[in-house]
Amino acid sequence: MTVVLESRTAGEATAENLTNPAKTSTAQYVLTLACPERPGIVRAITAFLADRGFDIIEHQQFDDQVSGKLFLRTAFTSGDEDVTVEGLSAEFAAVAKEFGMDFTIHDGKPQRLLVMVSKFGHCLNDLIFRWRAGSLGAEIAVVVSNHEDLRAMAEAAGLPFIHVPITADTKPQAEARLLELVEEYQADLVVLARYMQVLSDGLTQTLRGRAINIHHSFLPGFKGAKPYHQAYDRGVKLIGATAHYVTADLDEGPIIEQEVFRVDHSLDANALATVGRDAESQALSRAVQWHCQHRVLLNNTRTVVFR
């Protein structure tokens with residue numbers, strides 16, 4: 001069962017405001033959690049928030065009948081400037097212990113992105129456009145690439161561009177440099193926007209739940225070079241893309257979002273690639289936005305996405 005409840009006072013925040021704190025004078029927070037399903041969970045959460053004078057502006061939950069777990073996202077506001085995430089988390093710990101909750105309380109600060117690219121620029125271009133338009137719900141902090149091809153695009157947008165070349169012999173050093181940049185730029189999320197390198201198992205473990213990749217949905221059907229040419233040769237009727245969390249299993253991490261377009265015999269391989277790039281850009285941007293709004297919860301090899 002999925003439940004969606006919303007309550008807003010006039011002039012107060014909406015879900016969109018959670019990524020644009022300037023729209024309201026109240027501080028905004030998001031509680032996300034997973035725990036074994038049992039009666040009393042929602043009552044305990046709402047009582048905790050009501051007793052402290054918080055206003056719930058959005059509530060969503062999902063009861064997974066297969067695993068017996070409940071997944072929940074509750075957004076709320078506070079007019080008390082002294083409230084902190086650390087303090088709230090400490091107070092909520094007693095409730096969490098009673099119900100066996102794995103929880104996180106997030107503040108309204110925009111998430112910071114480290115975007116990784118190689119030579120294809122369509123996903124980076126789309127992320128930059130949405131970031132500058134204010135619709136991405138996150139801040140792009142830095143662009144990192146193993147090639148120089150997209151430096152002009154990044155720097156034209158006023159973004160730092162850092163070239164980290166990588167070879168089979170220098171991969172450990174390059175990945176160590178990446179982690180240094182994650183810390184230096186205080187990146188909350190690493191976005192592989194058509195970064196054409198396979199991350200090591202150790203790095204994927206370090207970035208678990210904090211790295212999103214995009215690939216064409218032909219995998220594993222059309223592997224290797226020129227997948228759209230392979231698709232054209234097979235006469236595909238659907239073009240798609242998948243955005244997922246990065247894991248040690250190549251291109252098989254928990255799926256966040258997918259986009260699909262119907263095509264026909266009139267499109268050649270280049271036209272299919274153009275459609276595919278649109279699908280990749282849209283799926284990736286939505287996945288990034290939902291992650292940064294704390295709408296995506298991991299459920300083993302799957303995800304729960306509160307749109």
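In which sense do strands E6 and E9 pair, and over how many bridges? In this predicted model, E6 and strand E9 (residues 189-192) are joined in the parallel sense, with 4 bridges between them. Within this pairing, Leu 114 is found opposite Val 190 of E9.

Strand E6 also has a partner in strand E7. Spanning residues 111-117, E6 is mostly covered, with 6 of its 7 residues buried. E6 and E7 (residues 138-145) run parallel and are connected by 7 bridges. One pair that can be picked out in the structure is Val 117, whose bridge partner in E7 is Ser 145. Between the two strands, the chain passes through helix H3 (residues 122-133), and the resulting β-α-β crossover from E6 to E7 is right-handed.

At the level of the whole protein, the chain is divided into two parts, domain 1 covering 29-106 and domain 2 covering 111-305. Their C-alpha centres are 31 Å apart. Where the two meet, 11 residues of domain 1 make contact with 8 residues of domain 2. The size of an interface is often expressed as the accessible area lost when the parts come together. Here, the area buried between domain 1 and domain 2 comes to about 760 Å², and carbon and sulfur atoms contribute 57% of that area. On the domain 1 side, the residues losing the most area to domain 2 are Phe 71, Arg 73 and His 106, which together make up 53% of what that side buries.

Charged side chains also take part in this arrangement. Side chains of opposite charge can pair when their charged atoms come close. The count of salt bridges comes to 15, and the count between domain 1 and domain 2 is 2. Among the salt bridges is the one in which the side chains of Glu 58 and Arg 295 meet, at 3.0 Å from N to O.

Another salt bridge is formed by Arg 302 and Asp 64, with 3.2 Å between the closest N and O atoms. This pair links distant parts of the chain, since Arg 302 belongs to strand E14 (residues 302-305) and Asp 64 to strand E3 (residues 55-64), 238 residues apart. Are the two partners buried or exposed? Arg 302 counts as partly exposed because its relative accessibility is 44%, whereas Asp 64, at 6% relative accessibility, counts as buried.

A further salt bridge brings together the side chains of Arg 151 and Glu 148, at 2.6 Å from N to O. Arg 151 has a relative accessible area of 25% and is therefore partly exposed. Glu 148 is likewise counted as partly exposed, at 38% relative accessibility.

Helix H5 (residues 171-184) holds both Arg 177 and Glu 180. These two side chains form a salt bridge in which the closest N and O atoms are 3.4 Å apart. Because Arg 177 and Glu 180 are 3 residues apart in the helix, about one helical turn separates them. Arg 177 is partly exposed, with a relative accessible area of 30%, and Glu 180 is also partly exposed, at 46%. Elsewhere, Glu 257, Glu 259, Arg 286 and Arg 307 are joined into one network by salt bridges that share partners.

Terms used:
Residues are numbered from 1 along each chain as its sequence is written. This is a predicted model: local features need pLDDT of at least 70, side-chain atom pairs count only at pLDDT 80 or more; totals for chains, interfaces and linings use all residues. Side-chain values use heavy atoms; hydrogens and water are left out. Buried means under 20% relative accessible area, exposed over 50%, partly exposed in between (1.4 Å probe, protein chains only). Two strands pair if DSSP finds at least two bridges between them. A crossover is right-handed if, with the strands pointing away from the viewer, the path from the first strand over the helix to the second runs clockwise. Domain bounds come from an automatic or database domain assignment. Contact means heavy atoms within 4.5 Å. Buried area is the accessible area (1.4 Å probe) that two parts lose on being put together, summed over both. A salt bridge is a side-chain nitrogen of Lys or Arg within 4 Å of a carboxyl oxygen of Asp or Glu.
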